[in-house]
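Reader: Hi! I'm new to reading protein models, and I'd love a close look at a single part of this one. Could you walk me through it slowly?

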Amino acid sequence: MEGDSFSGLGNGAQNDGRVLQTFRKSFVQVQNILDQNRLLIREINQNHESKIPDNLSRNVGLIRELNNNIKQVVDLYGDLSGDFSKIMDASSEDNSSGSRTGTRELGLHREKDFLDSMYETS
């Protein structure tokens with residue numbers, strides 16, 4: 001999400017659609033990393049249970065990869081949180097100025113509705 005620009009969020013449904021698409025993309029990235037982590041953890045456990053020296057040595061690299069993946073997930077969630085805050089701030093500014101733009105145009109009157117919309121299929 002770094003480099004994504006959410007300036008001009010009050011420009012209508014077209015921007016809202018791009019924002020939703022960006023959020024969906026990020027959630028897919030997170031899910032793919034979490035799926036990969038599940039496989040890494042399974043392999044790490046199998047190697048540990050085998051007590052074979054080569055497998056135990058391999059775990060060092062697998063654990064490093066797992067840690068790097070966790071850092072990526074943390075970064076992605078941090079970006080999502082920041083971007084979500086920007087959207088909510090823009091929405092509240094629009095609402096206080098009497099404008100009906102931002103998340104209001106999508107009928108997303110609450111944060112829960114917004115998050116639920118992330119998981120809808122396009």
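Author: Happy to help; here is a walk along one helix, followed by a word on confidence.

Please keep in mind that this is a predicted model. Let's go to helix 1, which covers residues 13-50. Among the elements of the protein, helix 1 has the highest mean pLDDT, at 91.

Start with Val19, which is found in helix 1. Is Val19 buried or exposed? Its relative accessible area is 5%. Val19 counts as buried because that value is under the 20% cut-off. Now look for Phe84, which lies 65 residues away from Val19 along the chain. In space, the C-alpha atoms of Val19 and Phe84 are separated by 9.4 Å.

Next, follow helix 1 to Asn47, which also has its place there. Asn47 has a relative accessible area of 8%, so this residue is buried too. Which residues does Asn47 touch, leaving aside those up to four places away in sequence? They are Ile52, Asn55, Leu56, Arg58, Asn59 and Leu62.

Finally, a word on confidence elsewhere. The protein has a mean pLDDT of 78, with 63% of its residues at 70 or more. Helix 3, residues 111-118, has the lowest mean pLDDT among the elements, at 56. Over residues 1-10 the pLDDT is below 50, although the model gives this stretch 22 contacts beyond near neighbours in sequence. Residues 99-110 also stay under 50, and there the model has 26 contacts beyond four places in sequence. Where pLDDT is low, the predicted coordinates should not be read in detail.

Note on methods. Residues numbered from 1 in each chain as written. Predicted model: local features only at pLDDT ≥ 70, side-chain atom pairs only at ≥ 80, totals over all residues. Heavy atoms only, no water. Helix = DSSP H or I, 4+ residues; strand = E, 2+ residues; numbered from the N terminus. Buried < 20%, exposed > 50% of the residue type's maximum accessible area, 1.4 Å probe, protein only. Contact = heavy atoms within 4.5 Å. pLDDT = per-residue confidence, 0-100.
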